[in-house]
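User: Please take a close look at the largest nonpolar core, and say which residues touch the most other members.

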Amino acid sequence: MVSAAPVTGKPEALLGWMTSLGDPTRLRLLRLLERRELGVADLCHALGLPQSTVSRHLKVLADEGWVDGRAQGTTRLYRSTAGEGDPGARKLWLLAREQTERWPAVEHDRLRLDRRLAGREPGAASFFAGAAGKWDELRSQLYGHGFTQAALLSLLPPGAVIADLGCGTGQAAALLAPYVSRVVGVDQSAAMLKAAQRRTKALPNVELRRGELTALPIDDASVDGALLVLALTYVEDAARALREMARVLKPGGRGVVVDLLRHDRDDFRRQMGQLGLGFETDELKGLMTGAGLTAVTVRAVPPEEGAKGPALILAAGARAEGSDSTTGRTKR
Ligand SMILES: C[S@@+](CC[C@H](N)C(=O)[O-])C[C@H]1O[C@@H](n2cnc3c(N)ncnc32)[C@H](O)[C@@H]1O
């Protein structure tokens with residue numbers, strides 16, 4: 001309840017609410033706390049900020065009545081009271097809520113929190129503490145991690161031809177090659193291709209070609225699957241690159257894009273030399289569909305524990321059966 005503020009209608013009430021809400025970190029905290037009661041450690045993890053910063057902002061929110069805290073053992077749990085109390089404050093909060101709905105940082109915080117809390121679902125603790133949890137640990141101790149990936153790759157048809165578009169140093173190409181008939185890696189960078197060559201030299205079915213994502217050196221309808229991993233964000237004309245991906249797929253072939261989920265870390269973008277701040281799910285779906293791919297699915301990939309970059313987005317779709325080889329459009 002927004003109780004500490006002066007009575008509605010007085011200038012100082014509005015100014016107090018606006019000052020306390022007028023900070024992106026505090027808005028992000030409130031967006032998480034409106035979902036559930038959380039401790040400082042969870043909030044620090046979700047926002048990727050140190051405890052001192054989070055505690056300082058929580059104090060401002062608590063002083064102005066936007067959050068309420070209670071002790072639980074040695075920790076303190078906070079909940080949002082932003083929808084309660086003074087109708088004026090509530091209106092301001094509803095506006096702030098609406099305006100932050102599509103903030104990339106809010107979406108990234110939610111994904112990081114969901115991932116952290118998933119392990120705490122009812123029953124999860126006893127599951128992972130019991131025999132089943134021991135098996136997970138024993139499984140990797142005895143056999144390592146890679147064999148699950150090998151099993152999944154074996155689901156690919158052995159005769160498949162796969163294009164790795166923007167192949168970089170050839171990580172995906174090297175993983176795929178033992179399981180399919182041929183991998184064609186394309187990249188514009190001679191240095192990247194040289195590294196890919198070194199990595200794949202013992203794999204005779206990997207063919208590396210220098211070329212542009214917007215004008216692929218690959219024949220129409222000649223590959224069964226195409227990957228575009230962490231490369232679309234470097235291309236000025238993303239729609240054209242996706243049309244090219246669709247063009248080289250055989251009808252029924254599948255195209256998969258992994259890129260950055262829309263974020264707001266411009267420092268990161270500049271450091272990595274990327275052209276944009278990632279993609280929203282609707283935006284990438286529209287681009288994939290516009291390129292002539294059908295049955296398109298797009299999902300946000302929560303950031304892995306310890307991963308420092310933004311969350312990722314994964315889109316997949318199929319070239320329509322009976323579609324034109326140059327336009328990707330379905331023939332009438
Ligand atoms: C971040 S790397 C990712 C490499 C690889 N897919 C991976 O997942 O490790 C992006 C790659 O895309 C390539 N690239 C960027 N823009 C390109 C373009 N317009 N045409 C061809 N390759 C491009 C870069 O040279 C680089 O190797």
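Analyst: The core comes first, followed by its surroundings.

This is a predicted model, in which local features need pLDDT of at least 70, side-chain atom pairs count only at pLDDT 80 or more, and totals for chains, interfaces and linings use all residues. Residues are numbered from 1 along each chain as its sequence is written.

The largest nonpolar core holds 47 residues, and Ala-163, Leu-165, Val-223, Ala-226 and Met-245 touch the most other members. Such a core is a set of buried Ala, Val, Leu, Ile, Met, Phe, Trp, Tyr and Cys residues joined through C-beta atoms within 7 Å; buried means that 20 or more other C-beta atoms, placed from the backbone, lie within 10 Å of a residue's own. With 6 residues, helix H12 (residues 238-248) gives the most to this core; helices are DSSP runs of H or I, at least four residues, numbered from the N terminus.

Leaving aside neighbours within four places in sequence, Ala-226 is in contact (C-beta atoms, placed from the backbone, within 7 Å) with Ala-163, Leu-165, Met-245, Val-248, Leu-249 and Gly-255. Another core, of 21 residues, lies apart from the largest one and includes Leu-21, Leu-43, Val-54 and Trp-66.

As for domains, the assignment, automatic or from a database, gives domain 1 (11-118) and domain 2 (149-319). Their C-alpha centres lie 37 Å apart. The contact between them takes 8 residues from domain 1 and 9 residues from domain 2.

Terms used
Two residues are in contact if their C-beta atoms, placed from the backbone, lie within 7 Å. A residue is buried if 20 or more other C-beta atoms lie within 10 Å of its own, exposed if 12 or fewer, and partly exposed in between; C-beta atoms are placed from the backbone. Helices (H or I, at least four residues) and strands (E, at least two) are DSSP runs, numbered from the N terminus.
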